[in-house]
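Work through the exercises below with the sequence and the 3D structure at hand. Each task is followed by a solution in steps.

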Amino acid sequence: MSILKVDTINEKTSGNGVDLPDNNNITGFYNNATHAVSTGSFTYMTNWTKMNSTHFGFPNVGTQFSHSGGNFTTTKLGVYKVTLELHMNSSNNARWIDLRMLFTPNGGSAVGGDLYDHIGIVSNDTTYHTAHRIRYFNFTHANDKVQVGTQSVAGLNVRGASNEYDTVIYFEWVAPPQAT
C-alpha cells in the first residue's frame, strides 16, 4: 500500500482536477472497408485503422494499443474494457450471425464465446442492424491479443469505409493487471 502525503495540490492547467497521465488510456479503431461475411465461413476482421483527431473528432488518449493483421495488442498491461459496435446490412434473411470478440492470453487458446444475432428482412430491400458487445479482458503479457471475427447463415456486410464511423472498437484501461 502506498501513502501520498502532500500539503497542497495545484492545478496543472486551468482545469479542476489532478491529471494521472499513466492511467489515461482510451484507444479507438474503425473498420475502414466493408467486411463481406460469407455463408457459414468464419473469418477475422482485419481492416482496422486507429482513430485520431481527424477521424470523426475522436482523439485517442494514450497510444498503448496497436493493430496488425486482425490482432489488437497493447504495450500497457492491465484490465481493459473493450467495447465493440458492429453495423451490418443484408438483403438476405440472416437467421443467425456469429459475432466473436476473442481474447488470446499469452499465446494460449482463444476465449470469449460467440454472440449470435440475426437480421430479419422486412421486404425485398436491404435491412440494417447494429450489434454491441462489451467485455473486460486482463492483459498480463505483452503477446496477449484481441480479435474480432464473423460468420453467418447468409451473406451480409459489416459496414466500414475510410469516411464512415460505423463499425468501431474501443479499448479503455480500467485497472492494473490482475494476477491469475
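**Exercise 1.** Find the distance at which the side chains of D166 and R159 meet, and state how covered each residue is.

Solution. Step 1: D166 and R159 join their side chains in a salt bridge, 3.2 Å from N to O; the term requires a side-chain nitrogen of Lys or Arg within 4 Å of a carboxyl oxygen of Asp or Glu. Step 2: D166 has a relative accessibility of 14%, so D166 counts as buried. R159, at 25%, is partly exposed. The classes are buried (under 20% relative accessible area), exposed (over 50%) and partly exposed in between, with a 1.4 Å probe and protein chains only.

Before going on, note that this is a predicted model, in which local features need pLDDT of at least 70 and side-chain atom pairs count only at pLDDT 80 or more, while totals for chains, interfaces and linings use all residues. Residues are numbered from 1 along each chain as its sequence is written, and side-chain values use heavy atoms, with hydrogens and water left out.

**Exercise 2.** Count the salt bridges and describe the one that involves D98.

Solution. Step 1: the count is two. Step 2: D98 pairs with R100 at 2.8 Å, N to O. Step 3: D98 is buried, because its relative accessibility is 0%.

**Exercise 3.** Give the numbers of helices and strands, then identify the partners of strand β13 (residues 168-175).

Solution. Step 1: the protein has zero helices and 13 strands. Both are DSSP runs numbered from the N terminus: helices are H or I with at least four residues, strands are E with at least two. Step 2: strand β1 (residues 26-31) runs antiparallel to β13, with five bridges between them; T27 has F171 as its bridge partner there. Step 3: β7 (residues 78-90) also pairs with β13 in the antiparallel sense, over seven bridges, and E85 is matched with V168. Strands pair if DSSP finds at least two bridges between them. Step 4: six of the eight residues of β13 are buried.

**Exercise 4.** State the mean pLDDT, and locate the strands with the lowest and highest confidence.

Solution. Step 1: pLDDT is the predictor's confidence in each residue, from 0 to 100; its mean over the protein is 83, and 84% of residues reach 70 or more. Step 2: confidence is lowest in strand β9 (residues 114-119), at a mean of 78, and highest in strand β6 (residues 71-74), at 94. Step 3: where pLDDT is low, the predicted coordinates should not be read in detail.
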